[in-house]
Amino acid sequence: MIKIFLSVFLSIHLLAFISDEEYFVFKKKDYSIIYTKEYQKEASFIKINIDNFLKKYQESYNVILDEPLDIVLIGDNLQIANAYSTQTPFNLITLYNNGSNSIDYFSATSRIAALFGHELAHSYQINAKGSKVSKKLHQYLGNNEFPLFFGLPFFTLPNESLPTFLIEGNAVYFESIISNGGRLHNGALNALKNALLFDNKIIANRLINNHLEFPYRGEKYIIGGFYMQYLAQEFGENK
């Protein structure tokens with residue numbers, strides 16, 4: 001009861017989806033795929049590939065998700081313009097299927113593959129609990145974003161505090177190795193990375209903080225992605 005109460009009332013991500021569309025549910029022990037009629041093809045892709053995706057991510061992150069995963073392919077009547085992954089109040093990935101111009105941006109023939117690969121990486125990043133403290137907090141409080149203070153803050157989901165360029169960069173890296181494309185295969189974004197490098201714009205202060213210079217927050221994804229690729233090549237992916 002305490003777990004349910006805290007999940008609902010302490011989560012800033014609690015959203016109510018209201019739609020007059022009919023949704024279908026494909027349910028297994030560890031995950032559910034929820035989709036509308038017009039997205040049966042995309043849902044079928046996820047059904048066919050999700051077990052391979054989960055196996056790959058479990059091996060790479062050395063993490064088994066401690067909550068069932070819900071994957072929602074939202075209908076066109078919902079005004080949500082971006083995909084996202086969250087651990088609170090539920091382990092949830094929400095995907096949308098518009099934005100055909102993103103095929104070029106993601107350098108992929110299957111946008112849903114790159115998008116799902118990206119958001120699934122977030123699920124494993126944020127769900128990870130390396131300490132006994134975080135695991136014990138999850139046992140009694142469930143996944144929530146608010147720390148408990150005993151002189152020092154103790155987090156259930158400590159990785160949520162990581163800089164954006166590490167979180168998003170890691171997800172860009174995985175979208176680029178798990179699918180048939182990804183932003184690390186985009187020549188224009190590679191050129192942008194090189195331009196920032198030659199102009200001495202890749203510095204710690206700029207990467208960690210948001211700013212008002214081009215390419216704005218987008219550089220966190222691109223520079224972070226190439227940085228993760230470098231780390232994987234130097235030290236191995238599972239490190």
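In the predicted model, Ile33 stands opposite Ile71 of strand S3, a strand that spans residues 69–73 and is joined to strand S2 by five bridges in a parallel arrangement. On the side of strand S1 (residues 23–27), S2 is likewise joined by five bridges, although here the two strands run antiparallel, and Ile33 serves as the bridge partner of Phe26. The connection between S1 and S2 is a hairpin that passes through three residues.

The surroundings of S2 are consistent along its two faces, with Tyr31, Ile33 and Tyr35 buried on one side and Ser32, Ile34 and Thr36 buried on the other. Because six of the six residues of S2 (residues 31–36) are buried, this strand is largely enclosed by the rest of the structure.

A helical contact was examined as well. Helix H6, comprising residues 164–178, packs with helix H9, comprising residues 218–235, at an angle of about 70°, the axes lying 7 Å apart; since angles of 65 to 115 degrees count as roughly perpendicular, H6 is assigned to that class relative to H9. The crossing of the two helices, H6 and H9, is right-handed. On the H6 side the contact is formed by Thr164, Phe165, Leu166, Glu168, Gly169, Asn170, Val172 and Tyr173, which meet Lys220, Tyr221, Gly224, Gly225, Tyr227, Met228, Gln229 and Ala232 of H9. Sorted by class, the residues in this contact of H6 with H9 comprise eight nonpolar, six polar and two charged ones.

Methods
Residues are numbered from 1 along each chain as its sequence is written. This is a predicted model: local features need pLDDT of at least 70, side-chain atom pairs count only at pLDDT 80 or more; totals for chains, interfaces and linings use all residues. Side-chain values use heavy atoms; hydrogens and water are left out. Axes are lines fitted to C-alpha atoms, for helices over the stretch in contact, and angles run from 0 to 180 degrees between N-to-C directions. Helices (H or I, at least four residues) and strands (E, at least two) are DSSP runs, numbered from the N terminus. Angles under 35 degrees count as roughly parallel, over 145 as roughly antiparallel, 65 to 115 as roughly perpendicular and the rest as oblique. A crossing is left-handed if the near helix is turned anticlockwise from the far one by less than a right angle, and right-handed if clockwise. Contact means heavy atoms within 4.5 Å. Ala, Val, Leu, Ile, Met, Phe, Trp, Tyr, Cys and Pro count as nonpolar, Asp, Glu, Lys and Arg as charged, and the others, Gly among them, as polar. Buried means under 20% relative accessible area, exposed over 50%, partly exposed in between (1.4 Å probe, protein chains only). Two strands pair if DSSP finds at least two bridges between them.
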